[in-house]
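Visitor: I would like to take a close look at a single part of this structure, and then see how the rest of the chain is built around such details. Could you take me through it slowly?

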Amino acid sequence: MTTHIGEIVENVPVITSSVKSFEVSHTFDKDSNIDGIVVVDNDYPVGLVMRTHFFEKLSTRYGFDVFMGRRIDLIMDKNPLVVDFYMPITDVSRLAMERAQKHLYDFVIVTLNNQYKGTISIRNLLIKFAETQISAAKYASPLTGLPGNLLIEQNLNNVLNSDSPFSILYIDLDKFKAYNDTFGFQKGDKLIKETANIICKNISLHEQDGAFVGHIGGDDFIALINHHNYKSLCESIILDFDNVVKSLYDESPAISIDEQSSTVAISIAVITNKQQIFTTLDMISETAANVKKICKSKFKSCYHGNESILESL
């Protein structure tokens, strides 16, 4: 299933900013199927010329005489929407729809390693967005509605194939079985849902584009963010979780002291590529398992990153 924008790039005519407007006009006249042309200098997109905007500019008073023999950079859109090859389709769709009405149907330009790669038409973008939403619902966790293992693996592969910084948060609950045995499965499911809501809320508050949250299964979750500044996010998740758990225990005053001492906690094992290079999912999983062991030894809600393990070696 398509998840990132680079999988659906299209090829359109490309010119440099020194090309004259009459040459662009000739290109549009020669092929009525061409809706836009990308302006690229030194392999980087510096502008976009959409057919409708181009001829609209020429049709203004004196527009033909002023622009036709001059460079295209006088007419082109110098601030088109440019996105990274590995940006999720859902994020690109949101950015595209947030543009001014005049540019709502302009191409989206895609780059890879800061070099021009191709474009996406709004028609194809919306079609793929709808397909992504349908597939996401098909493979989502029935309990939390979050993406399941298929989409999790696809997003992890996207992270591995990108040279961008990332942090992967493996989140699970300690003593959840004891909680389930004490309170029953109904309240256990409620806590799982509350945990999903806490993670999603804090991701929304702390993160911008490119973040992903998935439900691996049971009390295991995963979150992906595109930077290494994960500490405040983890601290907020832990604070909210501990408050929710306290309120759930307060709802059941009949619980014994021994049972209260086994209060469920949240552990967050964080894997980043700040000091370590990962080439396979197995490498990430193995490192995550080692970090989880450290989290589990704390006997309380906590987070721990792989950087500290490397620093201790």
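Visitor: In which loop is the place of Asn 42?

Guide: Before anything else, please keep in mind that this is a predicted model. Asn 42 has its place in the loop between strand 2, which covers 36-41, and strand 3, which covers 44-50. With a relative accessibility of 77%, Asn 42 counts as exposed, and its phi is positive, about 55°, although Asn 42 is not a glycine. Most residues other than glycine have a negative phi. Asp 43 lies in the loop between strand 2 and strand 3 as well, and phi of Asp 43 is near 70°, again a positive value in a residue other than glycine. The accessibility of Asp 43 can be judged with two cut-offs, since buried means under 20% and exposed means over 50%; at 47% relative accessibility, Asp 43 therefore counts as partly exposed.

From this loop we can turn to the chain that holds it. The secondary structure comes to 12 helices and 11 strands. The radius of gyration of the chain is 25 Å, well over the 20 Å that the globule rule gives for 313 residues, so the chain is more spread out than a compact globule. Taken along the principal axes, the box filled by the C-alpha atoms is roughly 85 × 45 × 30 Å. Of the 313 residues in the chain, 47% are buried, and among the contacts with a separation of 6 or more, 70% join residues that are 24 or more positions apart.

Now for the interior. In soluble globular proteins, nonpolar side chains tend to be buried together. Here the largest nonpolar core has 31 residues, and those with the most contacts inside it include Leu 169, Tyr 179, Phe 241 and Val 264. Among the elements that each supply at least two residues of this core are strand 7 (167-174), helix 8 (185-206), helix 9 (231-250) and strand 10 (265-272), while the largest share, 9 residues, comes from helix 9. Val 264 offers a good place to look at this core in detail: leaving aside its neighbours within four places in sequence, Val 264 is in contact with residues including Leu 173, Phe 176, Tyr 179, Leu 191, Phe 241 and Tyr 249. Apart from this core lies another one, of 18 residues, among them Ile 152, Leu 160, Ile 168 and Tyr 170.

Definitions and conventions: Residues numbered from 1 in each chain as written. Predicted model: local features only at pLDDT ≥ 70, side-chain atom pairs only at ≥ 80, totals over all residues. Heavy atoms only, no water. Core = buried A, V, L, I, M, F, W, Y, C linked by side-chain atoms within 4.5 Å. Buried < 20%, exposed > 50% of the residue type's maximum accessible area, 1.4 Å probe, protein only. Helix = DSSP H or I, 4+ residues; strand = E, 2+ residues; numbered from the N terminus. Contact = heavy atoms within 4.5 Å. Rg over C-alpha atoms; globule rule 2.2 N^0.38 Å.
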